[in-house]
Amino acid sequence: MRGFDYFVVMFFCLLVFMVSTEGQLQMGFYSRSCPNAEKIVQDYVNRHIHNAPSVAATIMRMHFHDCFVRGCDASVLLNTTSSGNQTEKLATPNQTLRQFDFIDRVKSLLEAACPGVVSCADVLALVARDAIVATGGPFWKVPTGRRDGTISRTSEASNNIPPPTSNFTNLRRLFANQGLNLKDLVVLSGAHTIGVAHCSSFSNRLYNFTGALGTQDPALDSEYAANLKARKCRSLNDNTTIAEMDPGSFRTFDLSYYRLLLKRRGLFQSDSALTTNSTTLSLVNRLLRGSLENFFAEFAKSMEKMGRINVKTGTVGEIRKQCAVVNS
């Protein structure tokens, strides 16, 4: 009987091990099923990103927003359906996302080479990395094998993506919900060193901070605020004008963003919030004392961690033929 019990226990342990490892993300997941997959992605990015470097920041943001809702499963790419399902694209944080067609073009190349093999979730993760690298930013490992989700809801995006109006408490909660810590929060916020933002993301800090028209966020440097009002966002209702998130350095992936935080020149409330907590402020200062190479290394670690959030692998989900619609 003891021998039988031992066999049962060992079989159970083996089964648990197999379940826990089956379908896990791995480097070179497509090495047999689509050997040129990653090269196809990289070649397309390298051919086109230099003509539009702002695409790197846009797709990085898309990847971030995707991972924070149902995990990194490309649910952010799905269109609203004729049946009326309101997808993540319609949520306020995603209404300024663009370059979905960039992802679609990469996906079409992969479909031509290896039909039904490479997921949209992996395409988004790879393009985000390759675009940042192509513009001089850090490299990080992107293990593949993600599968695409079939559910996308506006409400979930609204509830899980950290808004630019977040205070520290809200940021900590939303990051912790995804298994990310305060170091990840500070390091990943460093992506704001590149790209631009619409005035609607921060104009309340200039014109309506307390809810009363004419009030300004006291945490925002007054000279910087005056400049934004005069040259960029001339009214509270400006929804089209854009401003650099890291003025003077918004095309370069560097430490300038963190220097601006200490000068009270972070564009969003969520940027400023990093200086309101002793732990995150200490992390900001530590990054500034270190080298650019150190920042790149820390950023890579946090991106690799983010890229694994609630991924669908094995037989969960599907491999979409088109990224904007689930398979019929």
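In which helix does His 65 lie? In this predicted model, His 65 lies in helix 3, where helices are DSSP runs of H or I with at least four residues, numbered from the N terminus. Residues are numbered from 1 along each chain as its sequence is written. Because the model is predicted, local features need pLDDT of at least 70 and side-chain atom pairs count only at pLDDT 80 or more, whereas totals for chains, interfaces and linings use all residues, and side-chain values use heavy atoms, with hydrogens and water left out.

The unreviewed UniProt entry gives His 65 the annotation "active site"; such annotations may be inferred rather than shown by experiment, with positions given in the numbering used here and feature names shortened. With a relative accessibility of 5%, His 65 counts as buried, a term that means under 20% relative accessible area, while exposed means over 50% and partly exposed lies in between, for a 1.4 Å probe and protein chains only. When residues up to four places away in sequence are not counted, His 65 touches Pro 93, Asn 94, Leu 97 and Ile 161, contact being defined as heavy atoms within 4.5 Å.

Under the name "binding site", the unreviewed UniProt entry lists Asp 66, Val 69, Gly 71, Asp 73, Ser 75 and Glu 88. These residues are spread over 23 residues of sequence, yet they cluster in space, the largest C-alpha distance being 12.7 Å. Asp 66 is found in helix 3, which spans residues 54–67, and is buried at 1% relative accessibility. Apart from neighbours within four places in sequence, the contacts of Asp 66 include Gly 71, Asp 73, Ser 75 and Leu 124. Gly 71 is placed in the loop between helix 3 and helix 4 (100–113) and is likewise buried, at 0% relative accessibility; outside the same sequence window of four places, Gly 71 is in contact with Asp 66, Ile 309 and Asn 310.

Two of the listed residues, Ser 75 and Glu 88, are also joined to Ser 152, which is placed in the loop between helix 5 (120–134) and helix 6 (154–160). The side chain of Ser 152 has a polar atom 2.9 Å from the backbone oxygen of Ser 75, and the side chain of Ser 152 reaches the backbone nitrogen of Glu 88 at 3.0 Å. A polar contact is a pair of N or O atoms within 3.5 Å; within protein, one must be able to donate a hydrogen and the other to accept it, and residues adjacent in sequence count only if both atoms are side-chain atoms. Ser 152 is buried, at 1% relative accessibility.

Asp 73, another residue of the "binding site" list, forms a polar contact of 3.0 Å with Lys 312 through their side chains. Lys 312 is placed in the segment after helix 14 (292–306) and is buried, with a relative accessible area of 18%. The side chain of Lys 312 also reaches the backbone oxygen of Arg 70 at 3.1 Å.

Within helix 14 itself lies Glu 304, which is partly exposed, with a relative accessible area of 28%. The side chain of Glu 304 reaches the backbone nitrogen of Lys 141 at 3.0 Å. The C-alpha atoms of Glu 304 and Pro 143 are separated by 8.3 Å, although the two residues are 161 residues apart along the chain.

Note on methods:
Helices (H or I, at least four residues) and strands (E, at least two) are DSSP runs, numbered from the N terminus.
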